[in-house]
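This report goes through a few local features of one protein chain. Please keep the sequence and the model in view while reading.

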Amino acid sequence: ISVKLGDDQLDLARKDNGWQLRAPKEAVVDEEAGGARLLEMLRARGKLVDDPDLESLGLVSPPGEVTLTSSGTDESEIQKETLLVSEEKADGVRYVLRQHDSRVIEVGREAARALEPDASLVRSRKVLDIDADDFAEVELRAGRVVQRLQRHNATSFTLLEPKGFDYDAGLASDLVGRLVKLTADRWVADKDDGSFGLDTPQAIGVIHEKSKDAGVKLHELVVGARTSGGAFAQLKGDPGVFVVSRSVAQALQTLLISRGSFVADPNMVTRITVEGPGQRVELARSVERFIQVGGEGELSQARIAQIVEALMFTRAEAAIHTGPARPQEGLAEPTLRVRVEREPGRGEDSEPIEWRAGAGDSWRGVSVYYARVKGVDATFVIARGKVQQVIDAL
């Protein structure tokens, strides 16, 4: 791989099971990193330009040249393809002239990055490597939402902000696990050129690491615009730009509020009341199963079992905001109401669980219903299939 742009150059060649970087400096590059860069170049796509004016497109004496050379047992088997690359236009577009067929292609900003030389290939994909015992706290900012999660020990956290909510153990552990061993999907640039959305980030995470020398060391992760497979990101104090996976970007923007308020221990449930579209059903425990004791119509034992099974394992996908329900969530006239009564004498664990599901929507590619549970000042989303299973059984 040979990439030249003005005075800058990238020269990368296969060596054993990896790659040898020969310019801008000598370095060994592992197979994964070199292969990712090559794949990025091969996947670059653009738009063919008919009857191009090479002079106006900057292709008469272009500043850039990209050459890919194959291996072969002799000269006749070696293949070489070369692109001539124009200066970057105001909108980030570059024009390339494919020498083997003289076709001109207009390439957008993101695809054009694969045709530029940079030294990011020699960088390890490991961005952060913090000992889990040294993780102290993380502050998350996404829009106007601020969260602070503080660690007490290996398995215990406190959600300092937003105030008044229990933290979700699964979401907290997943977030911290991703951050302390943060890995770049790929490096894309040696520095920010203003096109990665880092000036208007979708999320910021500030990780507090306990340090024997400095007390607490801060690592600020800034997540910018979305891109293929994830989002652009940068660690404060390091000019390099990399891509974090979509799951990391989403974890930074997910409320860490407990999703367990909808869940009841099946062994403690004594009575269930469900109100759906034009239907109300009351179920009560009778030895090892539930039977219908009230409501309209008569359900088969199979349908009763379907309702009980769905409700006992209903867990929200996530909380999406705190504060009152919003009109578009349809919770003023809910699609489904549920009341689950539990055995007395167990303090808070004996309080009934009451929740309602409102309008349907889509959240992160998942079909969901908005939902709220009594006693928690937040709106959640529940996968449509879980709610629909109850509605269909009525």
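The text below treats a helix and its surroundings, then aromatic contacts, one strand residue, and some unusual backbone positions. The model is predicted.

**Helix H6 and its partners**

Helix H6 covers residues 384–393, and its buried residues are Val387, Val390, Ile391 and Ala393. These buried residues pack against helix H5 (301–312) and against several strands: S18 (269–276), S22 (336–342), S23 (353–363), S24 (366–373) and S25 (378–383).

How do H5 and H6 lie relative to each other? Their axes are 9 Å apart, and the two helices pack at an angle of about 160°. Angles over 145 degrees count as roughly antiparallel, so H5 is roughly antiparallel to H6. The crossing in which H5 passes H6 is left-handed. On the H5 side, the residues that meet H6 are Arg303, Gln306, Ile307, Ala310 and Leu311; on the H6 side, they are Lys386, Gln389, Val390, Asp392 and Ala393. Val390 and Ala393 are also among the buried residues of H6.

Arg384 belongs to the range of H6, residues 384–393. The charged end of Arg384 sits over the ring of Tyr369, at 4.7 Å from the ring centre.

**Aromatic pairs**

The count of aromatic pairs comes to five. One of them is formed by Phe262 and Phe380, with an edge-to-face arrangement: the centres are 5.2 Å apart and the planes stand at 85°. This pair links distant parts of the chain, since Phe262 is in the loop between helix H4 (246–252) and S18, while Phe380 is in strand S25, 118 residues apart. Are these two residues buried or exposed? Phe262 counts as buried because its relative accessibility is 2%, and Phe380 is buried with a relative accessible area of 0%. Ring pairs also bring in Trp355, which forms a cluster with Phe262 and Phe380.

**Glu354 in strand S23**

Glu354 is placed in strand S23. At 26% relative accessibility, Glu354 counts as partly exposed. Leaving out residues up to four places away in sequence, Glu354 touches Val338, Arg339, Arg372, Val373 and Lys374. Ser261 is 93 residues from Glu354 in sequence, and the C-alpha atoms of the two residues are 9.3 Å apart in space.

**Backbone positions**

Two cis peptide bonds are described here, each with a proline. One joins Ala23 and Pro24, with omega about 15°. Pro24 is in the loop between strand S3 (18–23) and strand S4 (27–29). Another joins Glu161 and Pro162, with omega about -5°. Pro162 is found in the loop between strand S12 (156–161) and helix H3 (169–180).

The table lists two residues that have a positive phi although they are not glycines.

| Residue | Phi | Place | Relative accessibility |
|---|---|---|---|
| Asp51 | about 45° | loop between strand S5 (47–49) and strand S6 (64–69) | 77%, exposed |
| Arg364 | about 50° | loop between S23 and S24 | 37%, partly exposed |

Where does Arg364 lie? Its loop is the one between S23 and S24, and both of these strands are among the elements that the buried residues of H6 pack against. Asp51, in the loop between S5 and S6, counts as exposed because its relative accessibility is 77%.

Definitions and conventions:
Residues are numbered from 1 along each chain as its sequence is written. This is a predicted model: local features need pLDDT of at least 70, side-chain atom pairs count only at pLDDT 80 or more; totals for chains, interfaces and linings use all residues. Side-chain values use heavy atoms; hydrogens and water are left out. Buried means under 20% relative accessible area, exposed over 50%, partly exposed in between (1.4 Å probe, protein chains only). Helices (H or I, at least four residues) and strands (E, at least two) are DSSP runs, numbered from the N terminus. Contact means heavy atoms within 4.5 Å. Rings of Phe, Tyr and Trp (its six-membered ring) pair if their centres lie within 6.5 Å; planes under 30 degrees apart count as stacked, over 60 as edge-to-face and the rest as tilted. A charge sits over a ring if NZ of Lys or CZ of Arg is within 6 Å of the ring centre and within 35 degrees of the ring normal. Axes are lines fitted to C-alpha atoms, for helices over the stretch in contact, and angles run from 0 to 180 degrees between N-to-C directions. Angles under 35 degrees count as roughly parallel, over 145 as roughly antiparallel, 65 to 115 as roughly perpendicular and the rest as oblique. A crossing is left-handed if the near helix is turned anticlockwise from the far one by less than a right angle, and right-handed if clockwise.
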